[in-house]
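Work through these exercises with the structure open beside you. Each task is followed by a solution in short steps.

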Amino acid sequence: MLTLESLVADPDLELRVVVPGRDGALAEQVLWVHNTELPDPGPYVREHEVVLTNGLWLDRTEPAEFVARVIRAGAAGIIFGLRAEQRDTPAALAEACRETGLPLLEISVAVPFTAVTRAAAAIQARGRQNALMSLVRRGDELTSALSRGDGASGVLAVLRGEHDLPLAVVDRMGRELASAGAELDAGQLRAAAEALAGHPPPLEADLGAGTRAALFPVGAIGDADAALLCLRSAAELTQGERDALEQTARYLSLEVARHQAVQAIEMRFAVELLDMVLSGAQRVAEVPGRLRAFGVDPDGPLAVFALAFAGDDDSATLPGMAEAVTDFLLAEGIPAVVAAGSRDVVAVLSWRAGAQSLAPRLAAAVSHRFGGARVVVGLADPVPGATDLRTPLLRSREACRALRGRRGGPVAASFAELGSYRLLLESHDEQWRRTFADALLGPLREHDGARDGDLETTLRAFLDHDGQWAATAAALYVHVNTLRNRLAKVTELTGRDVGRTADRVDLFLALEAAQSG
């Protein structure tokens, strides 16, 4: 790399540092050297160029003004050429450079400026040659890492062997695919994913907690699948580091594309497995083989989980949800087949003792991945083997659908725990439940509102106590006769007699529908 330091190191140039300038200035990259004797070289000097001058302007411009103009142009420094008439660098020029922190070098009378130009060209040529050789060597190492199956971690290891940088690969779902020398928390991973959502992604992202990262997209232009993050500000990176990061990001695109292709194939096979299970006897013989392909023992106990986001809208699943489930189960050491659909994400997994507590933790893990959105898990009783999966698959999905419509309660429940009446209610949308509840309970509410009454509360207490008069009266702190009078009014207003089983069922369902709606 061309720097003032590299020029000083060339003994043939006979350069002497008069003013080193600010800290590190001599080691900063120089774009080129510009020879000028104009009093104001600013219009012709580019940023990071070095001004070569014999000082022929000294009779027309003060050194301090000349230095000020050089600084305004963004030049990297001044090389003052001594001549027979000017055997020493002017003290005023040195003082002006010292005050402003601009590097000042002097070159002997015996060495022409063309020697500096030739030396600069030679240094840049060597730099380009070295960069090209590094590019080829690094490419070979990256290719070898990918061909060995080292994955994204192996690719980062190649880059870390050359540049000691904190690195991570994060996809647009906020998942860390690999890291080397960097640790990102959940918030920082989300920030990286949000940055990737830009079109095109920014060159630098604020990850929070005082951390900034240079962003190198991985994938198609304008639609990055992931990013190579370097936890350094882009301004802190040298050109060599940026070149290495950009090259590595291109190789990572191959690895990410391969990973996505494998995931797509696995997902297709997983969905086909569910079709086999639902086909019943027609394709049941194919199920064990498909389970074995995913590392799941078809002859051992099996369970089915169905997951979805809570709510009555159509957003039951989101891209990346199946991957989040897979990541959790892999971390738990549980072999599973995970299939994603529009209604839910289904996991067929090997059952083990104590796995009942797995479902709430799975819901929490997926929720965390998606910013705290409520996730519900429908379960079914485990079965002894692959040939019996159809019933638990249907029941877990039905339980999941019922849980989606509930505003509270547990995030995980089995088909049996929900109860048949809940499944019946959840099979209808919220508007239907509200209409059904209002039709039966509306007259009670109007009566209670107008007279500050307790008919609805009384009815609920009576049904909660299984129609036992004494127990209900005691719970409400009223006389049994008062209870009878209130329930007679309920019958009058609703047309439903609490003494009849069929009418009790209607009233109970109306109360439950009102609560779930």
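**Exercise 1. A hairpin**

Task: Find the residue in strand 7 that is the bridge partner of V170.

Solution. The model is a predicted one. Start at V170 and look across to strand 7: the bridge partner is E176. Next, take the two strands as a whole. Strand 6 covers residues 167-171 and strand 7 covers residues 176-180. They pair in the antiparallel sense, over four bridges. Last, look at the link. Four residues lie between the strands of this hairpin, and G174 takes a positive phi near 80 degrees.

**Exercise 2. The open sheet**

Task: Work out the strand order of the open sheet of five strands, and name the edge strands.

Solution. Step one is the order: 1-5-4-3-2, with mixed pairing. Step two is the edges. Strand 1 (15-19) and strand 2 (32-35) each pair on one side only, which marks them as the edge strands. Step three is the twist, which averages 25 degrees from one strand to the next.

Task: Describe how strand 4 is joined to strand 5.

Solution. Strand 4 spans residues 77-81 and strand 5 spans residues 104-107. The two run parallel, and four bridges join them. For one position, take G81: I107 in strand 5 stands opposite. Now add the helix. Helix 3 (residues 91-100) packs on the sheet and touches strand 1, strand 4 and strand 5. The direction of helix 3 makes about 65 degrees with that of strand 1.

**Exercise 3. Salt bridges**

Task: State how many salt bridges the model has, then examine three pairs.

Solution. The count comes to 23 salt bridges.

- Pair one: the side chains of R283 and E286 meet at 2.9 Å, N to O. R283 has a relative accessible area of 27%, so R283 is partly exposed. E286, at 37%, is partly exposed too.
- Pair two: R369 forms a salt bridge with D327, with the closest N and O atoms 3.1 Å apart. This pair links distant parts of the chain. R369 sits in helix 10 (residues 358-369) and D327 in helix 9 (residues 321-332), 42 residues apart. R369 is partly exposed at 26% relative accessible area, and D327 is partly exposed at 35%.
- Pair three: E398 forms a salt bridge with R401, and their closest N and O atoms are 2.1 Å apart. Both residues lie in helix 11 (residues 390-404). They are three residues apart, about one turn of the helix. E398 is partly exposed at 24% relative accessible area, and R401 is partly exposed at 31%.

One network remains. E65, R69 and R72 are joined by salt bridges that share partners.

**Exercise 4. Helix lengths**

Task: Check the span of helix 7 against 1.5 Å a residue.

Solution. Helix 7 covers residues 239-278, which is 40 residues. The expected span is 58 Å. The end C-alpha atoms are 58 Å apart, so the two values agree. Now step past the end of the helix. G280 follows helix 7, and its phi is positive, near 70 degrees.

Task: Repeat the check for helix 11, then list its buried residues.

Solution. Helix 11 has 15 residues and should span 21 Å. Its end C-alpha atoms are 22 Å apart, which agrees. The buried residues in helix 11 are P392, L393, S396, R397, A399, C400, A402, L403 and R404.

**Exercise 5. Cysteines**

Task: Count the disulfides, then decide whether C230 and C400 are buried or exposed.

Solution. The count of disulfides comes to zero. For the second part, the cut-off for buried is under 20% relative accessible area. C230 has 0%, so C230 is buried. C400 has 2%, so C400 counts as buried as well.

**Exercise 6. The surroundings of D438**

Task: Place D438 in the chain and in space.

Solution. D438 lies in helix 14 (residues 430-451). At 39% relative accessibility, D438 counts as partly exposed. Set aside its neighbours within four places in sequence: D438 is in contact with P443 and R445. Finally, compare sequence with space. D438 and A513 are 75 residues apart in sequence, yet 9.4 Å apart in space, C-alpha to C-alpha.

Note on methods: Residues numbered from 1 in each chain as written. Heavy atoms only, no water. Pairing = 2+ DSSP bridges. Axes fitted to C-alpha atoms, helices over the stretch in contact; angles between N-to-C directions. Contact = heavy atoms within 4.5 Å. Salt bridge = Lys/Arg side-chain N within 4 Å of Asp/Glu carboxyl O. Buried < 20%, exposed > 50% of the residue type's maximum accessible area, 1.4 Å probe, protein only. Expected span 1.5 Å × (residues − 1). Disulfide = S-S within 2.5 Å.
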